[in-house]
Structure formats: C-alpha cells, structure tokens
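Work through the exercises below with the coordinates open. Try each task before reading its solution.

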Amino acid sequence: MNYANVASHILDNIGGKQNVLTSTICMTRLRISLSNSALVNEDEISALDSVLGIVPRGDHGIEIVFGPAVVDQVYQSFALLIGTKNNEATPPERPHGAMRVHISPARRQSFTAQAHALMGTTKQKAHSGTHNLGDSASTAAQDFGAHDDISSLVAALDSVQSSRTNASFPSARTHAAQTQRVAHKKILVLNGPNINMLGIREPHIYGAQTYADLINLCHDEAGKLGFEECNCYQSNHEGDLVDEIQHAYGIYDGIILNPGAYTHTSIALLDALKAVQIPCIEVHISAVDTREDFRKVSYVRQACFETITGMGLDGYRQAIQSMAHHLSH
C-alpha cells in the first residue's frame with residue numbers, strides 16, 4: 001500500500017491543507033477537525049480500499065477508520081502533508097451517526113452476545129411503550145437471527161445502538177431535586193471479559209441473570225434517576241476497553257467499570273482512567289475480596305472513588321445511584 005497516496009487522497013477530499021485545524025490518531029482512527037466540514041467528500045474517502053469506515057464527529061470533524069497496522073503509517077504521511085497540525089488539545093466532539101466497520105472473526109462471539117442483549121432490550125422497551133422504535137431495528141434483528149453473518153450483525157448493532165442512544169428517558173421521576181441535577185449527565189457502563197457470558201458462566205458465583213438483564217437494569221435505573229444517557233459496552237479485549245475510556249473524555253460525566261479479570265492485571269486501564277479524570281466506580285458481581293488471593297488485587301481501584309462488590313447485578317444499580325449522588329453534589 002502506498003500510504004502517501006492514501007494520505008494525499010484524503011487531504012484532497014477534505015478541502016485541502018488550509019481546511020485542517022488539527023489531526024490526531026486513536027487506535028484505528030484518523031481524527032481530523034476542520035474549518036468547514038461541508039468540503040468533505042465522504043464517497044471518495046470511503047472508496048479507498050484501506051478505509052473501513054467514516055463518521056462525522058460533531059459539527060467540525062470526521063473520523064476515518066483504518067486497521068491498526070495501517071492508521072499509523074497513513075497518519076505519518078498525513079502529518080507530513082499538513083505540517084504541525086497534530087495538536088488536538090480540546091475535548092473531541094461526539095461522533096454523529098452510525099458507522100459500519102469490519103469485525104474480525106476473533107471478536108465475533110463478544111459482539112454476538114452484545115447484539116442479542118441489545119436486541120432483547122429493544123424488544124422489551126418497544127413492548128412496554130418506553131420507546132417508539134422504527135422498523136429498522138426489528139428488520140435488522142430478524143436478519144441477524146436468520147443469517148447470523150457479519151453484515152447482518154453490524155446492521156443489527158447499528159440499528160439497535162441508534163435507537164437506544166437517541167431515545168430519551170421518561171420525564172416523570174421520583175426524586176425531583178436530584179433528577180434536575182443529573183438531567184444533562186451521561187454515564188458509561190463498561191464491562192470486561194466474560195461478562196457477556198452471564199447466565200452461563202458459573203451461575204453459582206455470578207447468578208442466572210444474563211447480560212441482557214444487566215443492560216435492562218442499567219437503563220432502567222439511569223432513567224429513573226434522570227440521566228440523559230446510559231451507554232453500556234462490553235468487550236473481551238483490553239485495548240477496546242482502553243479505547244472506550246479514552247473516547248469517553250469530553251462526552252461522559254461518569255463511568256461504571258467492571259474490568260473482569262483485567263481488574264487484577266491491567267495497568268493500562270488504570271492509566272486510561274487517570275488520563276481522562278472522569279469519576280469512576282468499580283463494580284464486581286461477586287465478592288472478589290473473599291475469593292482467590294489473586295482476585296484481591298485491583299489495579300483500577302486507585303482511580304475509582306468507590307468500589308462495590310458481592311451484590312450481584314444489584315451492584316450496578318447501587319453504582320448508578322452512587323454516581324447520581326456524586327454528580328449532583
């Protein structure tokens with residue numbers, strides 16, 4: 001691949017060097033802020049074989065998704081073309097719209113569990129009348145069940161994620177004063193390895209409730225307390241969790257984190273939490289401090305203002321309540 005040609009093609013289709021304010025990279029993404037986003041030709045950029053996806057970021061930026069081995073090389077060539085405009089210092093604007101990317105087979109199982117869970121959540125909310133969902137999510141869910149291939153999976157995730165993110169919580173709340181204080185707050189619930197296997201994984205320790213039950217609980221509690229948004233994400237991969245913590249900067253007001261086994265091994269997650277300085281609560285379904293000796297070690301704990309263990313899925317409810325109290329004072 002000629003990385004210089006790729007970088008040049010991108011620059012030509014975002015309005016040239018004079019339209020670039022800043023640029024940076026994040027794992028697999030070339031992130032660019034622009035003076036005039038109307039000059040972006042997304043069709044031309046997406047036509048590049050090396051581009052996996054493209055999404056607008058706020059009103060003045062875009063993110064172009066490459067493979068991790070490609071983005072570094074493209075960025076080096078891009079930086080040479082634009083000079084020193086690689087000094088993004090302000091919190092990035094939130095991405096707008098859905099983005100489709102290729103999913104590697106190694107990560108298929110984790111995404112499959114999330115798709116089933118999210119679609120289960122959507123069906124329940126649609127049945128209860130909480131959200132007015134269009135036909136797209138239902139169609140995507142049916143396609144996913146019928147074919148179970150990558151394209152259907154991504155379509156299902158996109159449709160369900162879009163429905164969930166754009167829906168507002170009901171306005172009638174019990175705790176009016178606290179609701180008012182957290183009405184514009186957003187929280188991110190991050191779960192690490194094997195949480196997608198809830199209901200299957202050692203039920204005598206982790207219980208019989210599923211990952212879909214966990215998502216329902218978090219959305220329900222966040223809605224009752226008046227949060228504007230509660231976004232749930234699970235991955236079996238350490239780098240994905242680091243990415244989500246970094247992407248939360250400037251977007252989310254609080255993080256609820258169950259790192260799973262990475263609790264006991266990941267300095268990277270600790271460093272990410274320290275970097276973004278977003279209030280964080282550590283949650284564990286089981287009473288980890290009373291289990292094997294290695295589970296008594298938590299690297300992330302020093303970046304969290306509270307730790308909740310041994311309460312099952314109710315620990316997430318307690319964490320969301322504690323986060324609401326913390327953010328409202």
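Four exercises on this predicted model follow, each with a worked solution.

**Exercise 1. Strand S4**

Task: Decide whether strand S4 (residues 61–65) is enclosed or not, and find which strands pair with S4.

Solution:
- Start with burial. The cut-off is under 20% relative accessible area. Five of the five residues of S4 are buried, so the strand is largely enclosed by the rest of the structure.
- Split the residues by direction. Gly 61, Glu 63 and Val 65 point one way, and Ile 62 and Ile 64 point the other. In a regular strand, side chains alternate between the two faces of the sheet.
- Look for partners. Strand S2 (residues 29–34) runs antiparallel to S4, joined by five bridges. Strand S3 (residues 53–56) is also antiparallel to S4, over four bridges.
- Pick one register point. Ile 64 is the bridge partner of Leu 30, and Ile 54 stands opposite Ile 64 too.
- Inspect the turn. Four residues separate S3 and S4 in their hairpin, and Gly 58 there has a positive phi near 65°.

**Exercise 2. The nonpolar cores**

Task: Find which elements supply the largest nonpolar core, and trace the contacts of Ile 320.

Solution:
- Size the core. It holds 28 residues; Leu 214, Cys 218, Phe 227, Ile 256, Tyr 316 and Ile 320 have the most contacts inside it.
- Assign the elements. S5 (186–191), H9 (211–225), S6 (229–234), S8 (280–284) and H12 (314–327) each give at least two residues. The largest share is from H9, with seven residues.
- Trace Ile 320. Beyond its neighbours within four places in sequence, Ile 320 contacts Ile 187, Cys 218, Glu 221, Ala 222, Leu 225, Phe 227 and Ile 256.
- Check for a separate core. Another one has 23 residues, among them Leu 11, Leu 34, Leu 48 and Ile 64.

**Exercise 3. Ile 82**

Task: Is Ile 82 buried or exposed, and what does Ile 82 contact?

Solution:
- Locate the residue. Ile 82 is in helix H3 (residues 68–82).
- Apply the cut-off. Relative accessibility is 2%, so Ile 82 counts as buried.
- List contacts, leaving aside neighbours within four places in sequence. They are Leu 11, Lys 17, Val 20 and Ser 23.
- Compare sequence with space. Ile 82 and Gly 16 are 66 residues apart in sequence, yet 8.7 Å apart C-alpha to C-alpha.

**Exercise 4. A surface patch**

Task: Which residues form a nonpolar patch with Ile 267 on the surface?

Solution:
- Name the members. Val 297 and Tyr 299 join Ile 267, with about 240 Å² of accessible area together.
- Place Ile 267. It lies in helix H11 (residues 267–276).
- Classify Ile 267. Its relative accessibility is 46%, so it counts as partly exposed.

Key: Residues numbered from 1 in each chain as written. Predicted model: local features only at pLDDT ≥ 70, side-chain atom pairs only at ≥ 80, totals over all residues. Heavy atoms only, no water. Buried < 20%, exposed > 50% of the residue type's maximum accessible area, 1.4 Å probe, protein only. Pairing = 2+ DSSP bridges. Patch = residues over 30% accessible without salt bridge, like charges linked within 9 Å, V, L, I, M, F, W, Y side chains within 5 Å. Areas by Shrake-Rupley, 256 points an atom, 1.4 Å probe, with all protein chains shown as cover. Salt bridge = Lys/Arg side-chain N within 4 Å of Asp/Glu carboxyl O. Core = buried A, V, L, I, M, F, W, Y, C linked by side-chain atoms within 4.5 Å. Contact = heavy atoms within 4.5 Å.
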